[in-house]
Amino acid sequence: MRTTRCIWITWIVVISVTATCAFESIVGASPASGEEKSGSTADVKITKFHLVETKDGKTLWEVWGDRGEIFEKGDVAKVVKVANPVTVVLYSEHSKLTTWSDSARVNMRTKDIRLEGNVTATSEQGNSLQTQSLDWSAKDRRVFTRLPVTMVRGGLTSWGVGMEAETDLERARFLSRVRSHVAPGSAELKTKAGSGARNRGAQ
């Protein structure tokens, strides 16, 4: 129990320092951020939250938000929108996906991330999606949702319910109710969408 608490204290310090340094680097001024004990169930609240996950010297993801809350019980960090959308950048081998949402929940044990509320995402290649909930698996390095989703890739727009995709959205699979539309002048894009579950929606 004492070991667990020490780990959490270390996390809190790291997050606080990250938040402060990130804010200074962005605005070049003293941070308006702060750390305070809250009266809520959160163990700590942090303004101008910025959290970075790295592995073997590579950045896996970054999370920015107006306010972050650390919950020791449950190994969860929750980031919420106050004035600006929560921004999460997911890095893949050769690209990255930038997302915006009303909130984000980081599992501090698995490093999985869940985005909720008005979720939009755009890859470096220009692929984009919109949905109300989007999960990112740290283990599989993939994004997925079980809710209605719209994806745009070049001149191809696809709608469906449920989707799994690579982080850069280059390959995606819709789970059901797939419809696609190819914009005029984008004949080179061909949808392989099917109407049944487990059919591949867009590649």
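Trainee: How many residues lie between S2 and S3 in their hairpin, and which residue in the turn has a positive phi?

Mentor: This is a predicted model, and in it the hairpin of S2 and S3 has 2 residues between the strands, with Asp56 in the turn at a positive phi of about 55°. The two strands, S2 over residues 44–55 and S3 over residues 58–71, run antiparallel and are joined by 11 bridges. To follow the register, take one pair as a reference point: Leu51 stands opposite Val63 in S3.

Trainee: Before going further along the chain, which elements make up its secondary structure?

Mentor: The chain comes to 1 helix and 12 strands, and, read from the N terminus on, the helix is followed by the run of β elements.

Trainee: Where along the chain does S11 lie, and how many of its residues are buried?

Mentor: Strand S11 spans residues 156–166 and is mostly covered, since 8 of its 11 residues count as buried under the 20% limit on relative accessible area. S11 pairs in the antiparallel sense with S10 (residues 142–153) over 10 bridges, and also, again in the antiparallel sense, with S12 (residues 172–182) over 8 bridges.

Trainee: Which residues are the bridge partners of Leu156 in these two pairings?

Mentor: Leu156 is the bridge partner of Arg153 on the S10 side, while in S12 the residue opposite Leu156 is Val182.

Trainee: How many residues separate the strands in the hairpins that S11 forms, and which residues there take a positive phi?

Mentor: The hairpin of S10 and S11 has 2 residues between its strands, and Gly154 takes a positive phi near 60°; the hairpin of S11 and S12 has 5 residues between its strands, and there Leu169 has a positive phi near 65°.

Trainee: How should I read the nonpolar core, and which residues have the most contacts inside it?

Mentor: In soluble globular proteins, nonpolar side chains tend to be buried together. Here the largest nonpolar core has 33 residues, and those with the most contacts inside it are Trp61, Ile113, Val143 and Met163. Leaving aside residues up to four places away in sequence, Met163 touches a set that includes Leu129, Val143, Phe144, Val149, Met151, Ala172, Phe174 and Leu175, together with Thr145, Arg146 and Arg173.

Trainee: What do the values for the whole chain add?

Mentor: Of the 203 residues, 42% count as buried, and the chain exposes about 11000 Å², of which carbon and sulfur atoms supply 51%. Among contacts between residues at least 6 apart in sequence, 39% join residues at least 24 apart.

How values were computed. Residues numbered from 1 in each chain as written. Predicted model: local features only at pLDDT ≥ 70, side-chain atom pairs only at ≥ 80, totals over all residues. Heavy atoms only, no water. Core = buried A, V, L, I, M, F, W, Y, C linked by side-chain atoms within 4.5 Å. Buried < 20%, exposed > 50% of the residue type's maximum accessible area, 1.4 Å probe, protein only. Contact = heavy atoms within 4.5 Å. Helix = DSSP H or I, 4+ residues; strand = E, 2+ residues; numbered from the N terminus. Areas by Shrake-Rupley, 256 points an atom, 1.4 Å probe, with all protein chains shown as cover. Pairing = 2+ DSSP bridges.
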